[in-house]
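Subject: A structure to look through

Dear colleague,

I am handing over a structure that I would like you to look through with some patience. Please open it beside this message, and keep both in view while you read.

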Amino acid sequence: MVLDLHNGLTGKVYLVGAGPGDPGLMTIKGKALLENAEAVVYDALVSPAILAMVNPQAELVDAGKRRGRHTKLQQETTALLEQLARKYAVVVRLKAGDPFIFGRGGEEMEDLVRAGIEVEVVPGITAGIAAPAYAQIPLTHRSYSSSVTFVTGHEAAGKYRPEVNWLAIAKGSETIVIYMGVYSLATILPQLMLAGLGEDTPIALIRWGTCPEQQELVGTFATILAQIEAENFQAPAIVVIGAVVNYPANLRQQLAPILGGVN
């Protein structure tokens, strides 16, 4: 429904989490909104299978951001959402993962509310949970870890604090999940080791988590940088640090005598 701008009406913007990539992980509410949307502004990491759910009559806008390649600046994206909300009744801002987990959803909501636009948030499954799960890595386990911290490895200039306190994170959490951390690992790992984590600390990188092309790279602090270079392992990827990384291998070892006896 195109709104009558002469009556000063505005539509509603839905900040929808698309999940990590597997279309089966899209929420029912999110799918229904895509099927009824009149405009959809989507991120670069939203999978083609999710975009296939969008109403074919909807106006589609790519607002994706990749390292060094921004289709639109953040201010341009929020201005576009405001413009679309003054034209259409149902506008979806489709964000990879969850809108509020390193997705700038809070910033976009703030700008829209200040502009007088109604906003509703529809959560999505974040990659930091889903990618390890698809790699059979439990972020918490009574025998491995009772705490987990989610942190970004790529910080914006001019943010509220100059840098992540890696010392506090290393000392305060048994499992660390880093978003957008592949390019920064060479600087992050030494800081974690200064905090007391040893070179034998297990680490896993999970690329294209939950998608058919999912790839995993498992090593230790001492080996992982060389492995990344040897495999030409590229972002986007989730980084998991801690004893839980060894869980899949330990499980296979425990099951080997049982599975080996099955014909």
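What follows is an account of what was found in it, from the whole chain down to single residues.

Please keep in mind from the start that this is a predicted model. The protein has nine helices and twelve strands, and 45% of its 263 residues are buried. If one takes the contacts between residues at least 6 apart in sequence, 68% of them join residues at least 24 apart. The accessible surface comes to about 13800 Å², and carbon and sulfur atoms account for 54% of that surface.

**The nonpolar cores**

Which residues touch the most other members of the largest nonpolar core? That core has 23 residues, and the ones in question are Trp166, Ile178, Leu192, Ile203, Leu205 and Ile241. Two or more residues come from each of helix 6 (166–172), strand 9, helix 7, strand 10 (202–207), helix 8 (224–231) and strand 12 (237–241), and helix 7 gives the most, with four residues. If you select Trp166 and leave aside its neighbours within four places in sequence, you will find it in contact with Val151, Thr152, Ile178, Ile188, Gln191, Leu192 and Ala195. Another core lies apart from this one and has 19 residues, among them Leu34, Ala58, Ala89 and Leu94.

Leu185 also deserves a look, and its place is in helix 7. Is Leu185 buried or exposed? Its relative accessible area is 0%, and since buried means under 20%, Leu185 is counted as buried. Its contacts, again without the neighbours within four places in sequence, are Pro190, Ile203, Leu205, Leu225, Ile228 and Val239. The C-alpha atom of Leu185 is separated by 9.6 Å from that of Phe221, although the two residues are 36 apart along the chain.

**Aromatic rings and a surface patch**

A pair of aromatic rings is described by the distance of the centres and the angle of the planes. The structure holds three aromatic pairs. In one of them, the rings of Tyr144 and Tyr247 have their centres 5.6 Å apart and their planes at 85°, so this pair is edge-to-face, a class that calls for an angle over 60 degrees. The pair links distant parts of the chain, as Tyr144 is in the loop between helix 5 (127–134) and strand 8 (148–152), while Tyr247 is in helix 9 (residues 247–260), 103 residues apart. Elsewhere, ring pairs link Phe102, Phe150 and Tyr179 into a cluster.

Phe102 and Phe150 also belong to a nonpolar patch on the surface, which they form with Ile101, Ile125, Ile129 and Met180, and which has about 480 Å² of accessible area in all. Met180 sits in the loop between strand 9 (175–179) and helix 7 (185–194), and with a relative accessible area of 42% it is partly exposed.

**A residue in strand 8**

Thr149 is found in strand 8 and counts as partly exposed, at 23% relative accessibility. Not counting residues up to four places away in sequence, Thr149 touches Ile169, Ser173, Thr175, Ile176 and Val177. The C-alpha atoms of Thr149 and Val177 are separated by 6.1 Å, with their positions 28 residues apart along the chain taken as the sequence distance.

**Backbone angles to check**

Most residues other than glycine have a negative phi, and most peptide bonds are trans. With that in mind, three places are worth your attention.

- Arg104 is not a glycine, yet it has a positive phi of about 60°; it lies in the loop between strand 6 (90–95) and helix 4 (105–114) and is partly exposed, with a relative accessible area of 34%.
- Trp208 likewise has a positive phi, near 50°; it is found in the loop between strand 10 and strand 11 (215–220) and is partly exposed, with a relative accessible area of 24%.
- Ala235 and Pro236 are joined by a cis peptide bond, with omega at about 5°; Pro236 lies in the loop between helix 8 and strand 12.

With best wishes for your reading

Terms used:
Residues numbered from 1 in each chain as written. Predicted model: local features only at pLDDT ≥ 70, side-chain atom pairs only at ≥ 80, totals over all residues. Heavy atoms only, no water. Phe/Tyr/Trp six-rings, centres within 6.5 Å; stacked < 30°, edge-to-face > 60°. Patch = residues over 30% accessible without salt bridge, like charges linked within 9 Å, V, L, I, M, F, W, Y side chains within 5 Å. Areas by Shrake-Rupley, 256 points an atom, 1.4 Å probe, with all protein chains shown as cover. Salt bridge = Lys/Arg side-chain N within 4 Å of Asp/Glu carboxyl O. Buried < 20%, exposed > 50% of the residue type's maximum accessible area, 1.4 Å probe, protein only. Contact = heavy atoms within 4.5 Å. Core = buried A, V, L, I, M, F, W, Y, C linked by side-chain atoms within 4.5 Å.
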